[in-house]
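Hi,

Here is the structure I said I would pass on. Have a look at it first, then read my notes below.

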Amino acid sequence: QKLQQLGKAPEFNNYLAFVLTQGEGTQDEIRQTAGLLLKNNLKTGWHSTDAAHQAYIQRALLPGLGHPNRFLRHTVGTALSMIT
């Protein structure tokens, strides 16, 4: 329920994208969870997301496709697949 409330904040997806791709020092499991939450949020709300936030998320995710950890790379790719 708390996550649903946070998900309505426009900056929350930016934060999730940041944690996923730039959260060095954060456990990989937490980063992967952030990516899965982001994917779910993008799936249902990408078209209603402000253009500035869309641009930030795209800029944050694209470099993540080259991350050395294959699980994080896969999660980034999954999140990107929700962007249409």
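One term before we start: two residues are in contact when they have heavy atoms within 4.5 Å of each other. Keep in mind that this is a predicted model.

I spent most of my time on helix α4, which covers residues 51-61. Which of its residues are buried? They are His 53, Gln 54, Ile 57, Ala 60 and Leu 61. Looking down the axis of α4, you'd find these buried residues within an arc of 135°, so they line one face of the helix. Here's the background: an α-helix has 3.6 residues a turn, so residues three or four places apart point the same way. What do the buried residues of α4 pack against? Their partners are α2 (12-22), α3 (28-45) and α5 (70-80). Over on the other side of α4, Ala 51, Ala 52 and Arg 59 are exposed.

Now check the N-terminal end of α4, which is capped by Asp 50. A side-chain oxygen of Asp 50 sits 3.1 Å from the backbone nitrogen of Ala 52.

Next, find Leu 16 in helix α2. Its relative accessible area is 4%, so Leu 16 counts as buried, the cut-off being under 20%. Setting aside neighbours within four places in sequence, Leu 16 is in contact with Ala 34, Leu 37, Leu 38 and Asn 41.

Last stop: His 67, in the loop between α4 and α5. His 67 is buried too, with a relative accessible area of 16%. Not counting residues up to four places away in sequence, His 67 touches Glu 24, Arg 31, Leu 72 and Arg 73.

Cheers

Definitions and conventions. Residues are numbered from 1 along each chain as its sequence is written. This is a predicted model: local features need pLDDT of at least 70, side-chain atom pairs count only at pLDDT 80 or more; totals for chains, interfaces and linings use all residues. Side-chain values use heavy atoms; hydrogens and water are left out. Buried means under 20% relative accessible area, exposed over 50%, partly exposed in between (1.4 Å probe, protein chains only). Helices (H or I, at least four residues) and strands (E, at least two) are DSSP runs, numbered from the N terminus. The arc is that of the directions from the helix axis to the C-beta atoms. A polar contact is a pair of N or O atoms within 3.5 Å; within protein, one must be able to donate a hydrogen and the other to accept it, and residues adjacent in sequence count only if both atoms are side-chain atoms.
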